Amino acid sequence: MTQPMTGTAPADPDIMDPGLIADPVGGYGRLREQGPVVRGRAPDGTPAWFVTRQADVRAVLSDPRFVNSARSVPGVDVDSVRDNLIEQIGIPPDLVHYFADSILDTDGADHTRLRKLVSRTFTVRRVTELRPRVEEITAALLDRMAGLPQPVDLVAELAYPLPITVICELVGVAEEDRPAWRRWGSAFVRMEPRTVVPAAREMVDHVREQIARRRAEPTDDLLAALVHVQEEDGDRLGEDELVTMVITLVMAGHETTAHLIGNGALALLTHPDQLELLRRDPDLWPGAIHELMRWCSPVQIARMRYAAEDVELGGVTIRRGEVVQPVLVSSNHDPREYPDPERLDVTRRPAGRGEGHVGFGHGIHYCLGAALARQEGEVALRALVERFPRLALAEDRPEWVPVPGIRRLARLPLRLE
């Protein structure tokens with residue numbers, strides 16, 4: 001999955017560069033060794049500062065002087081890269097705010113307000129209580145896989161169905177509607193106008209319909225709880241914010257986890273020595289999931305930030321309003337932090353406190369569903385390799401979806417034995 005760091009870094013790095021998309025570990029690794037903060041370009045062509053080393057990435061993600069919304073930069077009119085991208089792919093103006101103003105794009109008090117509304121659903125205690133249900137869903141999916149003609153596509157049969165079932169049960173999305181969410185999610189990952197525009201419209205309409213149903217017939221799920229909050233105190237959650245929150249939770253709650261499972265399975269099957277360690281000592285699994293998030297995390301690049309004031313970082317001055325792009329994949333392979341970083345090591349443990357990687361981000365925007373994603377990844381991968389002790393890849397060359405910032409398998413055919 002990784003390649004030796006040969007060659008040179010691009011002179012004018014661009015997130016859309018096919019070379020960086022095809023080999024993010026090597027490409028961004030070369031950029032990291034060029035410097036901690038390197039001038040490049042955002043997806044819409046806007047000049048941007050690429051932050052490549054772990055210490056500096058953590059600094060950006062935890063420093064309130066770097067904000068997620070261009071509107072949070074005081075005193076200057078900053079062009080929003082996300083708004084530009086949404087406009088470029090043709091999202092209709094009446095839908096733009098549903099996708100540009102989520103909890104992921106807010107700062108300060110607004111972010112705190114929105115996060116508090118849903119954070120209790122994703123606490124470690126609540127996630128632990130969900131584990132039996134996650135194990136039950138996983139077992140049922142593996143039973144089904146065992147009866148399918150071989151080879152079996154892990155992405156289609158386990159990696160996607162597990163997390164989308166879990167998050168949809170939490171939020172309150174009916175089983176018959178879940179295939180549509182997967183289709184919409186795939187459209188947004190690929191960002192092709194012909195599919196993403198109708199997906200955006202269908203998604204918003206669907207969520208509004210579900211909200212109306214909860215008002216007519218309250219249920220015991222997160223969507224009903226959010227509808228109740230909105231009705232009791234509209235100052236805390238506006239109508240459009242409610243729609244946006246549901247879209248964000250469902251989309252973020254399954255896409256990344258699906259690719260953690262897919263990427264993790266490929267990593268272990270191509271490193272049989274590491275898989276054997278896990279077979280011999282299952283207590284290694286929780287730490288192994290962190291190592292997989294470091295080594296082959298689906299999220300390669302964090303959401304871009306904007307400097308709210310002039311900031312000195314990595315030997316350069318980042319001016320107020322300039323775009324900053326924290327690069328997680330180069331940070332997670334930084335030799336200044338990890339001995340032999342290109343080696344997958346399921347026994348690796350962080351030197352200090354915390355996770356020892358930034359696969360789930362860092363700071364106030366640390367992934368809300370990280371505990372759930374880790375649990376689903378652990379349950380799925382452990383059950384898979386225990387159920388099929390001679391599990392093997394059916395093809396030598398993995399097929400990656402060529403999208404910037406995300407490491408995502410199109411499929412992963414396996415022989416189940």
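D153 has P413 in strand 12 as its bridge partner. The model is predicted: local features need pLDDT of at least 70, side-chain atom pairs count only at pLDDT 80 or more, and totals for chains, interfaces and linings use all residues. Residues are numbered from 1 along each chain as its sequence is written, and side-chain values use heavy atoms, without hydrogens and water.

**Sheet**
- Strands 4, 12 and 9 form an open sheet in the order 4-12-9, with antiparallel pairing.
- Strand 4 (152-153) and strand 9 (392-393) are the edge strands, each pairing on one side only.
- Strand 4 runs antiparallel to strand 12 (residues 413-415), and two bridges join them; two strands pair if DSSP finds at least two bridges between them.

**Chain and fold**
- The protein chain contains 18 helices and 12 strands, taken as DSSP runs numbered from the N terminus (helices H or I, at least four residues; strands E, at least two).
- The radius of gyration of the protein chain is 21 Å, which agrees with the value near 22 Å for a compact globule of 417 residues; the radius is taken over C-alpha atoms, and the globule rule is 2.2 Å times the number of residues to the power 0.38.
- Along the principal axes, the C-alpha atoms fill a box of roughly 60 × 60 × 40 Å.

**Burial and contacts**
- Of the 417 residues, 55% are buried (under 20% relative accessible area, 1.4 Å probe, protein chains only).
- Of the contacts (heavy atoms within 4.5 Å) between residues at least 6 apart in sequence, 72% join residues at least 24 apart.

Definitions and conventions. Buried < 20%, exposed > 50% of the residue type's maximum accessible area, 1.4 Å probe, protein only.
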